[in-house]
Amino acid sequence: MIKKIDPQCLYNGNDIKIRGIAYCSNGYLLPCCWLDSPFFKKELSTLGLYDEELKLSNNETVDNIVNSKQWKTFIEIITNNYEQAPFKCKKQCGNEFT
Amino acid sequence: MNKLHSNVKSSAAMNLHEQYVFGQQNLSNSNIELTYRCPLQCPQCFRDLLTRDNNDPKKIIFKQKIKESFDIPLDDLKKLLNFFNDDISLCGQFSDPIYHSNFYEILDICSKEYSSKTFKIHTAAHQKNLEWYKTAFEKTGKNIIWIFGLDGLIDTSPIYRKNQNSQLVFDAMVLASQMNINLLWQFIVFGHNEHQIEEARSIADKYNIKLRLIFTNRESNKIKKASEKYQAKTHIKEAKIIN
């Protein structure tokens with residue numbers, strides 16, 4: 001069984017709309033609003049997405065956040081490392097191949 | 001050539017992260033939660049957890065989330081609006097955008113400073129009165145679409161939209177239409193309102209309002225899903241066989 005995520009938040013060369021970043025009421029950005037649940041906070045914290053330095057108020061621009069090492073690692077994980085990806089990404093964007 | 005096409009690059013020319021950032025800036029539907037307030041308690045919203053016993057662990061976790069939340073500062077909002085090139089949704093995960101304490105100012109910012117970008121305001125909660133909406137619509141530019149969550153007619157909408165003053169929301173939609181505001185009536189079809197679809201269509205026609213029906217398979221012990229013909233056509237991910 002091959003498991004893979006086809007992230008709906010990733011541009012793949014087509015003009016098709018993709019799922020956008022979510023700004024959450026606690027001042028953080030998350031890769032998509034499906035992740036904005038208090039019940040996923042612990043899991044996303046281990047990936048660094050709730051690091052204090054990533055709070056929008058601690059940054060001059062959104063570019064600083066999406067180009068941070070934490071976000072780069074996150075995008076790499078959901079694209080190429082299924083096992084480490086958050087549960088919600090697997091549930092919403094995951095595929096299984098046999 | 002439209003803005004989108006002029007920006008599109010070959011994905012092969014970018015590394016994975018550049019591809020991600022490019023897509024987010026140019027092709028995404030981003031979502032901004034302006035506030036943490038909402039007077040409604042829709043059964044499929046996190047807010048429904050507030051109806052549980054005080055010792056319920058999920059309620060405790062959600063209350064902590066509310067405690068950590070705040071209205072987005074306008075400076076932070078502008079950072080977001082500078083990043084995303086288009087199609088920005090002001091939509092709450094558990095709040096209603098019109099409850100931001102500076103909502104009128106936000107309308108001014110979106111309409112005047114970011115008039116080249118399109119915004120969607122997703123709202124289901126009612127505000128104070130029709131006068132409040134009139135002022136809001138006067139501040140609403142052509143680049144903004146109001147999406148009203150009225151699930152059924154005014155007698156049935158509060159079954160899901162608990163605490164909603166549905167008459168006021170309906171009157172606000174009619175007023176918006178009369179004031180030539182871009183708007184959409186979003187109607188989630190459930191078991192308790194599916195018999196009103198045709199009547200809603202005819203009311204929408206009468207007031208020159210676009211009606212969008214949303215079909216869902218979701219149900220809870222508090223809400224009955226629509227009968228089969230009105231349910232969403234589910235996309236079932238089946239295992240693909242590779243020889």
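Helices here are DSSP runs of H or I with at least four residues, strands are runs of E with at least two, and both are numbered from the N terminus. By that rule, Q167(B) is found in helix α8 of chain B.

Before I go on, some ground rules. This is a predicted model: local features need pLDDT of at least 70, side-chain atom pairs count only at pLDDT 80 or more, and totals for chains, interfaces and linings use all residues. Residues are numbered from 1 along each chain as its sequence is written, while chains are lettered from A and ligands numbered from 1 in the order in which they are written.

Now the chain. Chain B has nine helices and six strands. Its C-alpha atoms fill a box of roughly 60 × 55 × 45 Å along the principal axes.

Back to Q167(B). Is Q167(B) buried or exposed? A residue is buried with 20 or more other C-beta atoms within 10 Å of its own, exposed with 12 or fewer, and partly exposed in between; C-beta atoms are placed from the backbone. Q167(B) has 13 such neighbours, so it counts as partly exposed. For the whole chain, buried residues make up 36% of the 243. Q167(B) also lies 37 Å from N82(B), C-alpha to C-alpha, at 85 residues apart in sequence.

Next, the partner of α8(B). Which residues of α6(B) meet α8(B)? They are L130(B), Y133(B), K134(B) and F137(B). On the α8(B) side we have L168(B), D171(B), A172(B), L175(B) and A176(B). Contact means C-beta atoms, placed from the backbone, within 7 Å. That's the tour.

Notes: Contact = placed C-beta atoms within 7 Å.
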